[in-house]
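Open the model in your viewer and keep the selection box ready. We will go from stop to stop, choosing a few residues each time.

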Amino acid sequence: MRILITNDDGIHAPGLAVLEEIAREFSDDIWVCAPSEEQSGAGHSLTLTRPVRLQKYDERRFAVTGTPTDSVMMALREVMDAPPDLVLSGVNRGANLGDDITYSGTVSAAIEGALAGIRAIALSQVYAREGMADSVPFEAAKAWGAKVIKPLLDAPFSERTLVNVNFPPLGADGVRGIRVVRQGFHDYSRGSVVEGRDPRGYRYFWFGLHAIEHTLDHGTDLEAIADGFISVTPLQLDLTHHESLTSLSQRFES
Ligand code: MN
């Protein structure tokens, strides 16, 4: 099995090494193609207004000076001589739960795999917020990564679907199990914009992610993580709200 590994935290991120270790439990044919720098929050963006450079570390390890989507495109179209059987994206430093998904470069890299018709899984390690971003413990992901991926390797994936996995902020022994759940809802409307002055005296703004209200609806990824479970959520790329098709079309009938 040929596996492509990517992320949005960049080629040097510790979570990428964690994911590579997990992937090696399934295959020796591992290819890495990831952004050269952190691209968290890049979503499904594609670089169109400047060139993208490819940096080669060895025969199967590459960095791209662009987004996670750029990285997967480069891997599939330029770097790899044959397509992978599996795209793994992560392990992200931080949650990709609820409405994080559309902002997420981690999930979007997996989306790019799914668009190419390849089985794709995004993986993220949730961490307790305060001052930990530089030393996120990946213990839950390390201990449970292969256990979560294995059943997904031969599970039926419909076209244009992928799977989003989040590990709770717990040690290996603290994880209570795995739940297959739907996408929950994060209220980002209360996320803060922090204002400050740079060293030269110019005003800046910085998006803060704290003070977010979580609506822990039953059966959601957010609830699973809060309960100490690993969340597994199948996602689809068809964003159509099918229930509204009829009522909306009636509005245009004269
Ligand atoms: Mn990230």
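Select L88 first. This is a predicted model. Setting aside neighbours within four places in sequence, L88 is in contact with I3, L4, I5, T6, L19, A23, I121, L123 and I149. Keep those residues on screen.

**The nonpolar cores**

L88 belongs to a bigger group. The largest nonpolar core has 33 residues. Those with the most contacts inside it are I5, L88, V91, I121, L123, V165 and F167. Select these seven names and colour them.

Which elements supply at least two residues of this core? Colour the strands β1 (2–6), β2 (29–35), β5 (86–93), β6 (119–125), β7 (161–167) and β13 (230–236). Then add the helices α1 (14–23) and α4 (139–153). Of these contributors, α4 gives the most, with seven residues.

Another core lies apart from this one. It has 22 residues, among them V79, A110, A114 and A122. In soluble globular proteins, nonpolar side chains tend to be buried together.

**Helix α1**

Now select residues 14–23, helix α1. Is α1 mostly covered or mostly open? It is mostly covered, with seven of its ten residues buried. Highlight G15, L16, V18, L19, E20, I22 and A23 to see the buried ones. What covers them includes β1, β2, β4 (61–64), β5, β6 and α4.

**Helix α3**

Move to residues 105–115, helix α3. Here ten of the eleven residues are buried. They are G105, T106, V107, S108, A109, A110, I111, E112, G113 and A114. These buried residues pack against β1, α2 (68–79), β5, β6, β7 and β13.

Look at both ends of the helix. At the N-terminal end, S104 acts as a cap. One of its side-chain oxygens lies 3.1 Å from the backbone nitrogen of T106. Just after α3, select G117, which takes a positive phi of about 80 degrees.

**T106**

Stay in helix α3 and select T106. Is T106 buried or exposed? Its relative accessible area is 0%, so T106 counts as buried. Show what surrounds this residue. Not counting residues up to four places away in sequence, T106 touches D8, S89, G90, N92, N96, A122, L123 and S124. One of these partners deserves a click: a polar contact of 3.1 Å joins the side chains of T106 and D8.

**The manganese ion**

Follow D8 to the metal. Which residues coordinate the manganese ion? They are D8 (OD), D9 (OD), S40 (OG) and N92 (OD1), at 2.1 to 2.2 Å. In sequence, the donor residues are spaced D-D-x30-S-x51-N.

Select D9 and S40 together. D9 lies in the loop between β1 and α1, and S40 lies in the loop between β2 and β3 (54–58), so the pair ties together parts that are 31 residues apart in sequence. D9 is buried, with a relative accessible area of 7%. S40, at 39% relative accessibility, counts as partly exposed.

**D238 and its loop**

Next, select D238. You will find this residue in the loop between β13 and α6 (244–250). D238 counts as partly exposed because its relative accessibility is 25%, and buried means under 20%. Which side chains make polar contacts with the side chain of D238? Show T240, at 2.5 Å. Then show H242, at 3.0 Å.

Now add F252. This residue is 14 residues from D238 along the chain. Draw a line between their C-alpha atoms: the separation is 23 Å.

**Rings**

The last stops are about rings. How many aromatic pairs does a search of the whole structure find? The answer is one. Select Y204 and W206, whose rings are edge-to-face. Their centres are 6.1 Å apart, with 80 degrees between the planes. Y204 is partly exposed at 34% relative accessibility, while W206 is exposed, with a relative accessible area of 61%.

Two more rings have a charged partner. Select R119 and F157: the charged end of R119 sits over the ring of F157, 4.4 Å from its centre. Finish with K147 and W144. K147 lies over the face of W144, at 4.4 Å from the ring centre.

Methods
Residues are numbered from 1 along each chain as its sequence is written. This is a predicted model: local features need pLDDT of at least 70, side-chain atom pairs count only at pLDDT 80 or more; totals for chains, interfaces and linings use all residues. Side-chain values use heavy atoms; hydrogens and water are left out. Rings of Phe, Tyr and Trp (its six-membered ring) pair if their centres lie within 6.5 Å; planes under 30 degrees apart count as stacked, over 60 as edge-to-face and the rest as tilted. Buried means under 20% relative accessible area, exposed over 50%, partly exposed in between (1.4 Å probe, protein chains only). A charge sits over a ring if NZ of Lys or CZ of Arg is within 6 Å of the ring centre and within 35 degrees of the ring normal. A nonpolar core is a set of buried Ala, Val, Leu, Ile, Met, Phe, Trp, Tyr and Cys residues joined through side-chain atoms within 4.5 Å. Helices (H or I, at least four residues) and strands (E, at least two) are DSSP runs, numbered from the N terminus. Contact means heavy atoms within 4.5 Å. A polar contact is a pair of N or O atoms within 3.5 Å; within protein, one must be able to donate a hydrogen and the other to accept it, and residues adjacent in sequence count only if both atoms are side-chain atoms. Donors are N, O and S atoms within 2.8 Å of the metal (3.2 Å for Na, K and Ca); water is not among the atoms, so sites may look incomplete.
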